[in-house]
Amino acid sequence: MKLRFAPSPTGYLHVGNARLAIANALYARKHGAQFLLRIDDTDLERSKAEYEQGIKTDLEWLGLDWDEMAHQSERLDRYAKAIEALKASGRLYPCFESEQELAAKRELRLKARKPPIYDRAMLRMTPEQRERAEANGKTPYWRFRLSDGHKSWRDLVMGDLSVKLTAISDPVLVRADGTVLYTLASVVDDMELDVTHIIRGEDHITNTGVQLDIIEALGGKGARFTFAHLPLLLDEGGGKLSKRFDALSLRALRHDGMEPQSVVSYLSRIGSSDDPVPMTLEESIASFDLSHISRSAARFDMQHLLGLNRRLLHTMSFEDVRTRLPEGASEAFWNAIRGNVDLTGEIGFWWEVVQGDIAPPSLRDEAGFLEQAQQTLPDAPWDGETWKQWIATLKDVSGRKGKALFHPLRLALTGEEAGPELHALLPLMGRDLVLRRLQEAAIG
């Protein structure tokens, strides 16, 4: 058994294609299969080395490793051989229509209430007509003549699927400039690199029918492949998830402090009958099951992912996050703030609260109370009982209780309406810093 993830290095990984990478990798590891990373870089103009490195970095961040790697740009001779074989068999034929001519043909067919598929006019071209076209400076692009009938298979997610080939235009496999297109290159790779299972999005269902036809035209057997088509991911509004939404790129999530464990846990179960819960990579592998995935589109919910990440962070030990904490941050600091962070990117803010120079809000109307707070402030050194002692004394002196007692202190000391327990923050802040913030808040 062998699976593959085949990204194009024309941009950074997005949660949509990351979901496919996760599905292929988890399925491979669960079943003891090989996992191939194939870089689909035949588009030499748009493919960039930094995007390829970004893809590798993202996969490594997720904890997904691969057993083998291939580049389509290094396999052009294999595609050329397949192209010549299809030409020799008559299945690949030259076409000379321009985009304008094709658009006009589609419009005429639509007006005649016919499906806007290609009319195969170029199949009727004589050798003399082709010579004249080429003599006039036209270079052909090449279409694959599809078989009659249909292609069917048992899909691991969608169940029984069938594609009617006569309802599809003969696909272009080679551009006029000689560039081989994905539809053919992917077939050649899957056949020659011994891929057996292909997990991809449902937008490839029609493409799968076409590729099964190409496989057989090249002498292969479509039955050697097992397919699973995952429903598409929708955004929170129910629209198609845009690949241009930078906030959903893995590099953006990583930069914001999202945990890779949360991303894998969420994307491995989104759209399935299994609720996403924080899991280790090993747990994600063990529990991954294609049969649990719904045939309906799944909706990506950033708030759900954030909630999952929050739950994960709240359970992580100091050792788990030590490398992501500011220099000098202690276990007491992490234990104090971990219940109030959704992303590790927020840790730096709370470090500023206990060690930095935040500007407390102006609380001039509370100046009298803040003066009482300063006068009753316990002497150093401070420990976990200091807050309790201070509040008991301040309550007696001021006559305040509840929100009237606690809220001004929280605002003055942290600048926030809510946050970590002050009894845990106080020893981390120290007497001098607390005194200074009370004074600054009182004078505004």
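**Close-up 1. The start of helix α11 in the predicted model, with the contact made there by D301.** At the beginning of α11, a side-chain oxygen of D301 comes to within 2.9 Å of the backbone nitrogen of Q303. The helix itself runs over residues 302-315, which makes 14 residues, and it reaches 20 Å from its first C-alpha to its last, a span close to the 20 Å expected at 1.5 Å a residue. Several positions along α11 are buried, namely M302, L305, L306, G307, L308, N309, L312 and L313. The cover over these buried residues of α11 includes three other helices, α8 (250-256), α9 (260-267) and α13 (331-337).

**Close-up 2. R322, in the loop that leads from α12 to α13.** R322 is found between α12 (318-321) and α13, the latter being one of the helices that cover the buried residues of α11. Because its relative accessible area is 42%, which falls between the limits of 20% for buried and 50% for exposed, R322 is classed as partly exposed. Along the chain R322 and W334 are twelve residues apart, and their C-alpha atoms are separated by 8.8 Å.

**Close-up 3. D170 and its surroundings in the loop between β7 and β8.** D170 lies in the loop that joins β7 (159-164) to β8 (172-174). With a relative accessible area of 2%, D170 is under the 20% limit and is therefore counted as buried. When residues up to four places away in sequence are left aside, D170 touches Y93, Y118, R120, R143, F144, R145 and L146. With one of these, R120, there is a polar contact from side chain to side chain, at 2.8 Å. W142 is 28 residues from D170 in sequence, while the two C-alpha atoms are 9.6 Å apart in space.

**Close-up 4. R113 and R120, two residues with positive phi in the loop between α4 and α5.** R113 lies in the loop that connects α4 (99-111) with α5 (127-135), and R120 is found in the loop between α4 and α5 as well. The phi angle of R113 is near 60°, a positive value in a residue that is not glycine, and phi of R120 is likewise near 60°. As for accessibility, R113 counts as exposed because its value of 82% is over 50%, whereas R120, with a relative accessible area of 25%, is partly exposed. The side chain of R120 is also the partner of the D170 side chain in the polar contact of 2.8 Å.

**Close-up 5. Helix α6 and the elements packed around its buried residues.** Helix α6 is mostly covered, since nine of its eleven residues are buried. The buried residues are T183, L184, A185, S186, V187, V188, D189, D190 and M191, and they pack against the strands β1 (2-5), β2 (34-39), β8 and β9 and the helices α3 (76-88) and α7. After α6 comes D194, whose phi is positive, near 65°.

**Close-up 6. The largest cavity, with its lining residues.** The structure holds three cavities of 30 Å³ or more, and the largest has a volume of about 50 Å³. Its lining is made up of R4, V187, D190, I198, R200, Q211, I215, F225 and F227. The elements that contribute two or more residues to this lining are α6 (182-192), β9 (197-201) and α7 (205-217). By class, five of the lining residues are nonpolar, one is polar and three are charged. V187 and D190, which belong to this lining, are also among the buried residues of α6.

**Close-up 7. The second largest pocket and the residues around its centre.** The volume of the second largest pocket is about 240 Å³. Of the 14 residues that line this pocket, T42, L76, G178, T179 and V180 are the closest to its centre. The lining of the second largest pocket divides into six nonpolar, three polar and five charged residues.

**Close-up 8. The cis peptide bond that precedes P381.** The peptide bond from A380 to P381 is cis, with an omega angle near 0°. P381 is found in the loop between α15 (367-375) and α16 (386-398).

Methods: Residues are numbered from 1 along each chain as its sequence is written. This is a predicted model: local features need pLDDT of at least 70, side-chain atom pairs count only at pLDDT 80 or more; totals for chains, interfaces and linings use all residues. Side-chain values use heavy atoms; hydrogens and water are left out. On a 1 Å grid over the protein atoms alone, a cavity is a set of points where a 1.4 Å probe fits but cannot get out, and a pocket is an open set with protein on both sides within 12 Å along at least five of seven lines; lining residues have an atom within 4 Å of a point. Grid points are joined across faces, edges and corners, and a volume is the space filled by probe spheres set on the points. Ala, Val, Leu, Ile, Met, Phe, Trp, Tyr, Cys and Pro count as nonpolar, Asp, Glu, Lys and Arg as charged, and the others, Gly among them, as polar. Helices (H or I, at least four residues) and strands (E, at least two) are DSSP runs, numbered from the N terminus. The expected span of a helix is 1.5 Å times one less than its number of residues. Buried means under 20% relative accessible area, exposed over 50%, partly exposed in between (1.4 Å probe, protein chains only). Contact means heavy atoms within 4.5 Å. A polar contact is a pair of N or O atoms within 3.5 Å; within protein, one must be able to donate a hydrogen and the other to accept it, and residues adjacent in sequence count only if both atoms are side-chain atoms.
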